[in-house]
Amino acid sequence: MHELGITQSIVEIAERTANEQQASKILSVTVEVGSLSGVVPEALEFCFEACTNGTQLEGAQLLIEKVPARARCCDCACEFPLEELLGCCPECDSAASDLLSGEELRIKEMEID
Ligand SMILES: [Zn+2]
């Protein structure tokens, strides 16, 4: 389950940030998860509890913000929601598009004490 490794790095980053800010406790961590990131939010929640046991994050709340995937067509510049990586433009049917969002996997904010 690769969510375990991802959760571990989230916990590490959160702990490092808390240490830098000399916080004694982390109350909550907000993580942005793009719909194309390949991460299952439920699995992340499941791993979070196990990974935070005995760390500064023990008891902290994990808040997940899902980021929908969006793309911009290279031909007609219209922006559209992307259901899968190889979606075509709904306006002109072009397959050439730039991904605007959807691959996010990062800590957005933390509440510390
Ligand atoms: Zn188009």
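**A three-stranded sheet with two helices**

Three strands line up in the order β2-β1-β6 to make an open sheet, and their pairing is mixed. The edges belong to β2 (61–67) and β6 (105–112), each of which pairs on one side only. Going from one strand to the next, the twist averages 20 degrees. Keep in mind that this is a predicted model.

**The chain as a whole**

- Count up the secondary structure of the protein chain and you get two helices and six strands.
- In sequence order, the pattern reads α-β-α-β-β-β-β-β.
- The radius of gyration of the protein chain is 17 Å, whereas a compact globule of 113 residues would come in near 13 Å.
- Along its principal axes, the C-alpha trace covers about 55 × 30 × 15 Å.

**Inside the sheet**

- In general, the strands of a sheet are held in pairs by backbone hydrogen bonds, and they can run parallel or antiparallel.
- Here, β1 (residues 26–34) and β2 run parallel, with seven bridges joining them.
- If you want one bridge to look up in the structure, try G34, whose partner in β2 is V67.

**Helices on the sheet**

- Helix α1 (residues 2–20) lies across β1 and β6, and runs at about 40 degrees to β6.
- Helix α2 (residues 41–52) also packs on the sheet, where it touches β1 and β2.
- The direction of α2 makes about 165 degrees with that of β2, and angles over 145 count as roughly antiparallel.
- So β1 has a helix on it twice over: α1 lies across β1, and α2 touches β1 as well.

**Where the two helices meet**

- α1 and α2 pack with their axes 9 Å apart, at an angle of about 55 degrees.
- That angle makes α1 oblique to α2, because it falls outside the ranges for roughly parallel (under 35 degrees), roughly perpendicular (65 to 115) and roughly antiparallel (over 145).
- As for handedness, the crossing of α1 and α2 is right-handed.
- On the α1 side, the contact is made by E3, L4, I6, T7, Q8 and V11.
- On the α2 side, it is A43, L44, C47, F48, C51 and T52 that make the contact.
- Sorted by residue type, the contact of α1 with α2 has eight nonpolar residues, three polar ones and one charged.

Definitions and conventions:
Residues numbered from 1 in each chain as written. Predicted model: local features only at pLDDT ≥ 70, side-chain atom pairs only at ≥ 80, totals over all residues. Pairing = 2+ DSSP bridges. Helix = DSSP H or I, 4+ residues; strand = E, 2+ residues; numbered from the N terminus. Axes fitted to C-alpha atoms, helices over the stretch in contact; angles between N-to-C directions. Contact = placed C-beta atoms within 7 Å. Left-handed = near helix turned anticlockwise from the far one by under 90°. Nonpolar A, V, L, I, M, F, W, Y, C, P; charged D, E, K, R; others polar. Rg over C-alpha atoms; globule rule 2.2 N^0.38 Å.
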